[in-house]
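Morning, everyone. Please have the sequence and the model open, and follow along as I talk.

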Amino acid sequence: MGAKIIGTGSYLPDKVVTNDELTRIVDTSDEWIVKRTGIRTRHLLEADEMPARMGIAAAEAAIAASGTPADAVDLLMVATNFPDMISPGSAPFVAAGLGLGQRPFFDLKAGCSGFVYALTVAAGLIDAEVYGHILVIGAEALSRVTDWGDRKTCVLFGDGAGAVLLGPGTHSEGVLGSSLHADGNKAMLLHLPAGGTRTPASHATVDAGAHFLKMEGSGVYRSAVPMMETATREALAAAGLTLADVDWLIPHQANIRIIESLMRRLEVTSDRVIINLDRVANTSTASIPIALDEAVRDGRIVPGNIVVLTAFGAGATYGAVVVQI
Ligand code: UT7
């Protein structure tokens with residue numbers, strides 16, 4: 001049995017922060033940020049907003065779009081790297097907000113590739129007839145782990161959530177192919193040092209800013225393009241398709257230069273690529289489902305389209321999924 005995307009949804013916080021506003025807190029410029037990243041604005045949570053609210057709102061939109069009652073959801077998966085609480089994560093709060101009762105849920109942590117990992121796992125569970133309907137959410141409150149004094153990272157990220165509801169389909173529709181990889185040797189390229197069990201939070205870790213995300217940007221940059229190219233080609237091969245069959249490519253929205261370099265390698269032109277990072281910046285696991293939902297809602301992606309979703313991120317994880325919408 002195949003797994004079909006039967007509804008999409010997304011949520012972005014109301015607060016929009018421009019590059020010019022960031023020049024008031026760090027030594028940067030709109031020109032540098034646009035030229036080096038393509039980012040112009042990002043949506044950020046207010047201090048009193050609960051991150052799980054983003055996942056709940058995105059999921060409610062996906063359920064409504066599917067025309068399927070929320071009751072039909074058999075399993076909830078929240079792909080996130082920075083959950084509401086280290087324990088019990090984000091999924092319990094999202095499940096409670098959605099009224100999912102006693103249905104199972106879990107968080108899935110796989111860097112910015114978390115959504116393509118979760119989609120692959122969910123499709124496998126539907127294919128094996130373990131569950132019928134699975135809600136897959138990518139949600140990230142990056143502003144809560146960003147060092148707002150570090151210009152190398154704080155200009156890059158945004159908050160948001162995206163969701164898809166997967167249901168049973170046939171093998172010729174829905175999730176058609178997938179490729180997942182990771183390289184643990186590169187784990188330290190992007191990491192948050194303290195607050196886990198290796199280095200528990202303490203006054204000293206907070207004083208050292210070790211509760212903020214650290215990134216070796218150029219190392220991540222160099223790996224990103226070959227990783228997404230490999231995964232895209234492998235996922236298409238697994239689906240028995242070629243790049244000529246692809247209507248839309250949705251790459252992880254991290255940096256316009258990474259996306260353009262990937263497009264050149266794959267020989268895919270901009271009229272077949274969904275890009276929203278200029279408005280929403282890098283929202284990690286939420287980036288692909290937000291871009292997917294926006295393109296479905298504005299009519300660029302239509303039923304029957306073949307779409308490739310590809311990502312890379314902390315871990316170093318990478319992967320791609322081919323879906324027929
Ligand atoms: O979801 C996965 C997460 N991460 C990523 O996808 C990030 C991937 N990496 C990147 O996108 C890029 O590496 C960055 C956008 C982070 C940085 O671009 P870059 O072209 O690799 O710049 P760089 O780190 O080599 O820095 C160049 C210069 C440095 O100054 P010096 O040493 O040459 O004097 C930086 O200090 O740019 C400086 N710089 C800035 N200047 C103004 C770094 N950040 C800023 C900034 N504003 N915000």
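Let's start with the ligand. In this predicted model, 23 residues surround the ligand. The closest are Thr 28, Arg 36, His 252, Asn 255 and Asn 282. Find those five on your screen.

Now the polar contacts. Take Thr 28: one of its polar side-chain atoms lies 2.7 Å from a nitrogen atom of the ligand. Next, Arg 36. A polar side-chain atom of Arg 36 lies 2.7 Å from an oxygen atom of the ligand. Gly 217 uses its backbone instead: a polar backbone atom there is 3.0 Å from a ligand nitrogen atom.

How much of the ligand does the protein bury? Taken alone, the ligand exposes 960 Å². The protein buries 74% of that.

Which elements give two or more residues to the shell? They are α2, residues 30-37; α6, 151-154; α8, 217-239; and α9, 256-266. The largest share comes from α8, with four residues. By type, the shell divides into 11 nonpolar residues, seven polar and five charged.

Why does the ligand lie between domain 1 and domain 2? Because both domains give residues to the shell. Domain 1 covers 2-172, and domain 2 covers 176-324.

On to the sheets. One open sheet has five strands, in the order β1-β7-β6-β4-β5. Its pairing is mixed. Look at the edges: β1 (2-11) and β5 (105-108) each pair on one side only. Neighbouring strands of this sheet are turned by 20 degrees against each other on average, direction ignored. Now zoom in on β4 and β5. These two run parallel, joined by four bridges. One residue pair to click on: Ala 79 has Leu 108 in β5 as its bridge partner.

There is also an open sheet of four strands. Read the order as β8-β13-β12-β11, again with mixed pairing. Here the edge strands are β8 (174-182) and β11 (248-251), and each pairs on one side only. The twist averages 10 degrees from one strand to the next. Strand β11 pairs with β12, residues 306-313, in the parallel sense over four bridges. Click on Pro 251, and you will find its bridge partner, Thr 310, in β12.

Last topic: backbone oddities. Keep the general rule in mind. Most residues other than glycine have a negative phi, and most peptide bonds are trans.

So where are the cis bonds? One runs from Ser 87 to Pro 88, with omega near 15 degrees. Pro 88 sits in the loop between β4 (75-79) and α4 (91-98). Another cis peptide bond joins Gly 315 and Ala 316, with omega about 0 degrees. Ala 316 is in the loop between β12 and β13, and β13 spans 317-324.

What is the sign of phi at Ala 281, positive or negative? Positive: phi is near 60 degrees, and this residue is not a glycine. You will find Ala 281 in the loop between α10 (277-280) and α11 (287-297).

Quick recap, then. The ligand lies between two domains. The protein buries 74% of the area that the ligand exposes alone. One open sheet has five strands, and another has four. For a last look, go back to α8 and pick out its four shell residues.

Terms used. Residues are numbered from 1 along each chain as its sequence is written. This is a predicted model: local features need pLDDT of at least 70, side-chain atom pairs count only at pLDDT 80 or more; totals for chains, interfaces and linings use all residues. Side-chain values use heavy atoms; hydrogens and water are left out. A residue is near a molecule or strand if one of its heavy atoms lies within 4 Å of it. A polar contact is a pair of N or O atoms within 3.5 Å; within protein, one must be able to donate a hydrogen and the other to accept it, and residues adjacent in sequence count only if both atoms are side-chain atoms. Accessible areas come from the Shrake-Rupley method with a 1.4 Å probe; for residues, only the protein chains shown count as cover. Ala, Val, Leu, Ile, Met, Phe, Trp, Tyr, Cys and Pro count as nonpolar, Asp, Glu, Lys and Arg as charged, and the others, Gly among them, as polar. Domain bounds come from an automatic or database domain assignment. Two strands pair if DSSP finds at least two bridges between them. Axes are lines fitted to C-alpha atoms, for helices over the stretch in contact, and angles run from 0 to 180 degrees between N-to-C directions.
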